[in-house]
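Student: I have a structure to look through and would like to talk over a few of its residues and helices. Could you take me through them?

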Amino acid sequence: MEVTQVLHMNKGEGETSYAKNSIVQMKIISVATSIIEEAVVECLEKKLTAESMGIADLGCSSGPNTLMVISEIIDIVYGRTNKTGNPLPELRIYLNDLPGNDFNNIFISLPEFYKKLKINKNIAQEGCFISAMPGSFYGRLFPKKSLHFVHSSSSLHWLSQVPRALDSSILKPLNKGKIYISKSSLSSVHDAYLSQFKRDFSLFLKCRSKEIVVGGHLVLSFMGRVSADPSSEESCMQWELLAQALMSMVLEGLVEEEKVDSFNAPYYAPSAEEVRSTIEEEDSFTINRLEAFEIDWDGGAPSNNNFQNKINKIEKYNLSRGQQVAKTIRAVVESMLEIHFGREIMDELFKRYAELVDDYFSTTRAKYIDLVISLTKKD
């Protein structure tokens, strides 16, 4: 599976779109707000940005969260320069994601964004330049020393590829009946995932080290785990339940078992220690913060989904928590699943997944672990 070609959030503004089902990602952004502010203020205090400030949001996706992040960063810069009496630097803002991302959704919302920027902060369009930079962040994206602050949220848990040892075109399936690490997985499955993560994350850091000025900052947040156990529920259960939904369809002849055996998610939720050791080994950045936050699977939204409805301005309707989670997961992974299993099973698959999640919620407080890391570029 070519991840760069098939991985994208569901496009548009329909009921299964990412734009309407990204409350968990919004929550993840919100818990990192104070850390983002701390890093941006430090950039300004170091006077790295006298005339122009380069800002990049990597893995920006689309929908309301994209410009929410940028708006927060602009608010911080505007507030700080007003407080100190320094002139506002020109802002060069780059929005990055894979080429399949719904950039058109972002572009359509920019005129209104610029209008509000002018009314609320008197920042004209010639003072804030927003552009897209499609491509994989596991490679170079920007000129050397052109960036002062880089942000990435809910993205770096996605790998550049399925670990080669698990690729069905190379070996017989090592992880039968599963689509990610599980309690029944061989240790070689975890080893393959960890190796791929360390390779990818090291490359990410190496590329950013060339693009960020000395003293510049990087704030990253992505799914991880506190436990040393790679098969812990906090990092694996959402995939385990999806595998169970698929296998229930196998038993009824709706999905071929070989299809399940040959699918492995290009995803890894690292432990905090695995993240720390990779950063230290790559050695381009100093770690300022490495913190873990618990995030409810449904983002902590009310069970009747009123909060999500308010955000997206859609009609009120009732959903179980399992259905909410299923819509969130579907908006993120459907593009990959469609390619492998076929579009025709998606509705039934996520119906079964929602039921399994509801059962899981009945006995457990389901939560993700969000790792937030703040880094400074070394000399």
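**A walk through the model**

Tutor: Gladly! Phe-361 sits in helix H12 (residues 346-361), where helices (H or I, at least four residues) and strands (E, at least two) are DSSP runs numbered from the N terminus. This is a predicted model, in which local features need pLDDT of at least 70, side-chain atom pairs count only at pLDDT 80 or more, and totals for chains, interfaces and linings use all residues. Residues are numbered from 1 along each chain as its sequence is written, and side-chain values use heavy atoms, with hydrogens and water left out.

Student: Is Phe-361 buried or exposed?

Tutor: Buried means under 20% relative accessible area, exposed over 50%, and partly exposed in between (1.4 Å probe, protein chains only). Phe-361 has a relative accessibility of 11%, so this residue counts as buried.

Student: Which residues is Phe-361 in contact with, leaving aside its neighbours within four places in sequence?

Tutor: Contact means heavy atoms within 4.5 Å. One partner is Arg-321, 40 residues apart from Phe-361 in sequence and 7.9 Å apart in space, C-alpha to C-alpha. With those sequence neighbours left aside, the contacts of Phe-361 are Trp-297, Arg-321, Gly-322, Val-325 and Ala-366.

Student: Now the loop between S3 and S4: is Lys-145 buried or exposed there?

Tutor: Lys-145 lies in that loop, and its phi is near 50°, a positive value in a residue other than glycine. Most residues other than glycine have a negative phi. At 61% relative accessibility, Lys-145 is exposed.

Student: And is Ser-146 buried or exposed?

Tutor: Ser-146 is also placed in the loop between strand S3 (128-134) and strand S4 (147-153). Apart from neighbours within four places in sequence, Gly-54, Arg-92 and Glu-211 are in contact with Ser-146. Its relative accessible area is 12%, so Ser-146 is buried.

Student: How are H2 and H4 oriented, roughly parallel or roughly antiparallel?

Tutor: Two packed helices are described by the angle between their axes and the distance between the axes. The axes (lines fitted to C-alpha atoms over the stretch in contact, with angles from 0 to 180 degrees between N-to-C directions) of helix H2 (residues 23-31) and helix H4 (residues 64-84) come within 10 Å and cross at roughly 10°. Angles under 35 degrees count as roughly parallel, over 145 as roughly antiparallel, 65 to 115 as roughly perpendicular and the rest as oblique. H2 is therefore roughly parallel to H4.
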